[in-house]
Amino acid sequence: MPKAQAVHPLHAPTVSPRLITTAMAVVTVMLLLTYLVTFDQGAVSQSGTFLHELMHDGRHLLGVPCH
Ligand SMILES: [Zn+2]
């Protein structure tokens, strides 16, 4: 009688640390961009009118209350 092999149906997939680091960096950048577009109201984006207007247009595009 052959020896029964153990079956482990619930193996967690292996995720590389590099993928986790990349995913966390992407999420951080996206949260920063979301903050800049929605809540900044010009506090950070005072470096020029182009960036300020770009964030302002983004607020209107996303329907965030602005003015
Ligand atoms: Zn506005």
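# Two helices, worked through

**Exercise 1. Work out whether the length of H2 fits its residue count.**
Start with the 14 residues of H2: at 1.5 Å a residue they should span 20 Å. The expected span here is 1.5 Å times one less than the number of residues. Now check the ends: the end C-alpha atoms of H2 are 20 Å apart, so the two values agree. A helix, by the way, is a DSSP run of H or I with at least four residues, a strand is a run of E with at least two, and both are numbered from the N terminus.

Before going on, a word on the model: it's predicted, so local features need pLDDT of at least 70 and side-chain atom pairs count only at pLDDT 80 or more, while totals for chains, interfaces and linings use all residues. Residues are numbered from 1 along each chain as its sequence is written.

**Exercise 2. Do the length check for H1, then say how covered each helix is.**
H1 takes in residues 17-38, which makes 22 residues. From first C-alpha to last it reaches 31 Å, close to the 32 Å expected. Next, count buried residues (20 or more other C-beta atoms within 10 Å of their own, with C-beta atoms placed from the backbone; 12 or fewer is exposed, in between is partly exposed). H1 has zero, so it lies largely in the open. H2 is hardly covered either, with zero buried among its 14 residues. Zoom out, and buried residues are 0% of the 67 in the protein chain.

**Exercise 3. Describe how H1 and H2 meet.**
First the geometry: their axes (lines fitted to C-alpha atoms over the stretch in contact, with angles from 0 to 180 degrees between N-to-C directions) come within 8 Å and cross at roughly 90°. The pair is therefore roughly perpendicular, a label for 65 to 115 degrees; under 35 is roughly parallel, over 145 roughly antiparallel and the rest oblique. Then the residues: Leu36, Val37 and Thr38 of H1 meet Met55, Gly58, Arg59 and Leu62 of H2, where contact means C-beta atoms, placed from the backbone, within 7 Å.

**Exercise 4. Place Val37 in this picture.**
Val37 sits in H1 and is partly exposed, with 18 other C-beta atoms within 10 Å. Leaving out residues up to four places away in sequence, Val37 touches Met55, Gly58, Arg59 and Leu62. Finally, the C-alpha atoms of Val37 and Arg59 are 5.9 Å apart, though 22 residues separate them along the chain.

Terms used:
Contact = placed C-beta atoms within 7 Å.
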